[in-house]
Amino acid sequence: MKSIRNLYLSALVLLLFSCSGQQGTTVGSTPEVEKRVEKLLSQMTLAEKIGQMNQVSAGGEVGNYADALRKGQIGSILNEVDPVKLNEFQRLAVEESRLGIPLLVGRDVIHGFHTIFPIPLGLAATFDPALVEEGARVAASEATAQGVRWTFSPMLDIARDPRWGRIAEGSGEDTYLDARMGEAMVRGYQGTSLDSTSMAACVKHFVGYGAAEGGRDYNSTFLTERQLRNVYLPPFEAAIKAGAMTLMTSFNDNDGVPSTANAFVVKDVLRGEWGFDGLVVTDWDSMGEMIDHGFGEDRKDVAEKAVNAGVDMDMMTFGFLSHLEELVKNGAVSRKSIDNAVRNILRVKVMLGLFEHPYVDVEAAKAVQYAPEHLASAQKSVEESVILLKNSGVLPLKGGQRILVTGPMADAPHDQLGTWVFDGEKAHTVTPLKALQELFPGKVDYVPGLTFSRDKRNNFFDVMAAARRADVVLVFLGEEAILSGEAHSLADLNLKGSQSELLAALKATGKPVVATVMAGRPLTIERDLPNVDAMLYSFHPGTMGGPALANILFGKVNPSGKTPITFLRTVGQAPMYYSHNNTGRPYRGETLLDDIPAEAGQTSLGNTSYYLDYGAYPLFPFGYGLSYTTFAYSGIGLDKEVYKADDTITVTFTLANTGKYDGTEVAQVYIRDLVGSITRPVKELKAFERVSLKAGESRTLTVKIPVQELAFVGLDGVKKVEAGDFQLWVAGDSASGEALSFKVQ
Ligand code: NOJ
């Protein structure tokens, strides 16, 4: 909701100048909305205003909240999705409170409501914003049918440390990809115009939360303003420009200031620079946690700090409800701040049409859940998100073989759904085992080997015997859902339990072994790769993981997912990401540990930035993923050698499918700004395109990049494109391709 006031001004201008009278924006306030908000505001007591600023988790009986609802002490609830109960909640608010203001009902609908899509990290691996938008639309249609009109998604935290369990919930390490995915989700949740299937998006966590020290959740961050502006803030700005109606502050303290009281990011940047007049909510008790941070003495103190930093709604601290009235009366908080906060809340409620349609049709709600087209969309999302990491030629499989299915994730209907699933039911999950048994009746043996991912059993005789009887072994490994997500940081990223031992045992049978890893993060699988003939990586795929994976394994679908995050060789490399700075001593292939003689003399001259034991490179770079076919890039060219700051760069290239299968490639365009007023990353993604080509087909493609996309905040603190020399690559991943050169004047 980029400055709703600005939007409606521009809408007004459009109205005046266009005969059709169409509005210039799809999501944005109107003079009528503002009039309604002001009218309501003028009728409210201070206590009623503060009530709107209070969000409550609604467990148990509706009756427990009746008194507070009648008094107008609750503006929003979360964690109730029973449509019968929600209608009763709304009835109490709408019909029994003085002003009849409906509740805003929130829920963590993170990757689907009932129909569960791949986790957001998996969605990012599709590099397909249109498909991600479609998935968010599906989630919105299911959730809104039951009365949920606000989701706490998308999570836009750039995450470069896979130890952080919440890496599962975002789009990975890259600012550009994250921004495109964020915009897509916002469009999907809210719809192109607001109606009863629109669910307000909430961009979170503002800001820097993904840089938690050591990947330990909730930990401190120390991001400079320039890092924030160049890396962490742009996805939020993009999602807000795309119309996101709400935003959530984060748990972390950045450079000593907890986000929930960070007036610089909330007031100056978000509200001031970006003109955001949507709703800002705290994270769950993040206001109260400022006491633990040592940033406030008590709930009154932190309530004052949060509201004065620009926060509108308190999720579960009850600090506003208990203390704002007193803080206003003693002058610590102005009435104007309260009015602004309440405006922001009411605006969202009015725009969502909650005053007109507070209730849902309970019977109709049932019909929408798990609709066949929703399941189809979820399946397509998995098919595009699965990444082929290794293939010695065994894939795609041919039908007619005797198959052994094994491993802890082969038939794990709960765990393949992934983190942040409150509403998707495992009874609807189609596991790989189920899908394969349906496809090849009588041809599939199933011996799980391990019952869950942390299972430490070390006797695999039964699995090995079954493997010897089979033509091919399909082993499904990974992480249980509970090992990633909030508060689930890990210090060791190897496959848990005896999974690596199971793989080694399978390898020893001499049968072809195809592994599929389902996980919430990029695990360190280097030691496992030699034991498999092929490996597919599927971030937790959700409800339809089974059929999608079966289609890929048997070649009905050619894998096209690309890593949205660098895959490490060992956890000690974290954080490692492709868009790092060059340093004064970039790696030049020096000595590794085993090359150092005993009693070696002290030396550092000539050495560069790398690990003696693991070198300088990851296992798989960002943007990486194989296909059953091969692709070749040629004829890469630019329309000019020298560009002006307001030009657009036109990149032309020919992409050929040089293999035997039809396939889809994600063509990626990276740039490097060679010399800047500050040091710049060695590569930055600036465009990507999914291109489907028949076997043998080639196509000439054009990608346009406005030179302004090269802008960054330099030494003077101003965001602009700096003149000078640049390089550009077009390739299938971030580590390939030949550089072209161009200049910006
Ligand atoms: C805490 C999490 O950090 C946030 O992402 C989530 O939306 C809220 N709890 C509400 O459940």
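Guide: Welcome! A polar contact is a pair of N or O atoms within 3.5 Å; within protein, one atom must be able to donate a hydrogen and the other to accept it, and residues adjacent in sequence count only if both atoms are side-chain atoms. The model is predicted, with local features needing pLDDT of at least 70, side-chain atom pairs counting only at pLDDT 80 or more, and totals for chains, interfaces and linings using all residues. Residues are numbered from 1 along each chain as its sequence is written, and side-chain values use heavy atoms, leaving out hydrogens and water.

Visitor: What makes Lys 204 a polar contact of the ligand?

Guide: A polar side-chain atom of Lys 204 lies 2.7 Å from a ligand oxygen. That value is within 3.5 Å, so the pair counts as a polar contact. The protein covers 95% of the 300 Å² of accessible area that the ligand has on its own (areas from the Shrake-Rupley method with a 1.4 Å probe; for residues, only the protein chains shown count as cover).

Visitor: How far from an oxygen atom of the ligand is a polar side-chain atom of Asp 108?

Guide: For Asp 108 the distance is 2.4 Å, and an N or O atom in the side chain of Arg 166 is 2.6 Å from an oxygen of the ligand. Both values fall within 3.5 Å, so these pairs pass as well.

Visitor: Which residues around the ligand come nearest?

Guide: Of the 13 residues around the ligand, the nearest are Asp 108, Arg 166, Lys 204, His 205 and Asp 283. A residue is near a molecule or strand if one of its heavy atoms lies within 4 Å of it. By class, the shell has seven nonpolar, one polar and five charged residues; Ala, Val, Leu, Ile, Met, Phe, Trp, Tyr, Cys and Pro count as nonpolar, Asp, Glu, Lys and Arg as charged, and the others, Gly among them, as polar.

Visitor: What makes Glu 169 and Arg 166 a salt bridge?

Guide: A salt bridge needs a side-chain nitrogen of Lys or Arg within 4 Å of a carboxyl oxygen of Asp or Glu. The closest N and O atoms of Glu 169 and Arg 166 are 2.7 Å apart, so the pair qualifies. Glu 169 and Arg 166 are both buried (under 20% relative accessible area; exposed is over 50%, partly exposed in between, with a 1.4 Å probe and protein chains only). The structure holds 40 salt bridges.

Visitor: Why is Thr 431 called buried or exposed?

Guide: Thr 431 has a relative accessible area of 1%, which is under 20%, so Thr 431 is buried. Thr 431 sits in the loop between strand 12 (403-406) and helix 18 (432-439); helices (H or I, at least four residues) and strands (E, at least two) are DSSP runs numbered from the N terminus. The side chains of Thr 431 and Asp 411 are joined by a polar contact of 2.8 Å.

Visitor: How do you know that the pair of Arg 569 and Glu 526 links distant parts of the chain?

Guide: The side chains of Arg 569 and Glu 526 meet in a salt bridge of 2.8 Å, N to O. Arg 569 is in the loop between helix 21 and strand 17, Glu 526 in the loop between strand 15 (513-519) and strand 16 (534-539), 43 residues apart. Arg 569 counts as partly exposed because its relative accessibility is 26%, and Glu 526 is also partly exposed at 26%. Salt bridges with shared partners join Arg 70, Glu 88, Arg 91 and Glu 96 into one network.

Visitor: What makes the nonpolar surface patch?

Guide: Leu 593, Ile 596 and Leu 612 make this patch of about 240 Å². Patch residues have over 30% relative accessible area and no salt bridge, with like charges joined within 9 Å and nonpolar side chains (Val, Leu, Ile, Met, Phe, Trp, Tyr) within 5 Å. Ile 596, at 36% relative accessibility, is over 30%, so Ile 596 meets the area cut-off. Its place is in the loop between helix 21 (545-553) and strand 17 (631-638).

Visitor: What is notable about the phi of Tyr 370?

Guide: Tyr 370 is not a glycine, yet its phi is positive, about 55°. Tyr 370 has a relative accessible area of 11%, under 20%, so Tyr 370 is buried.
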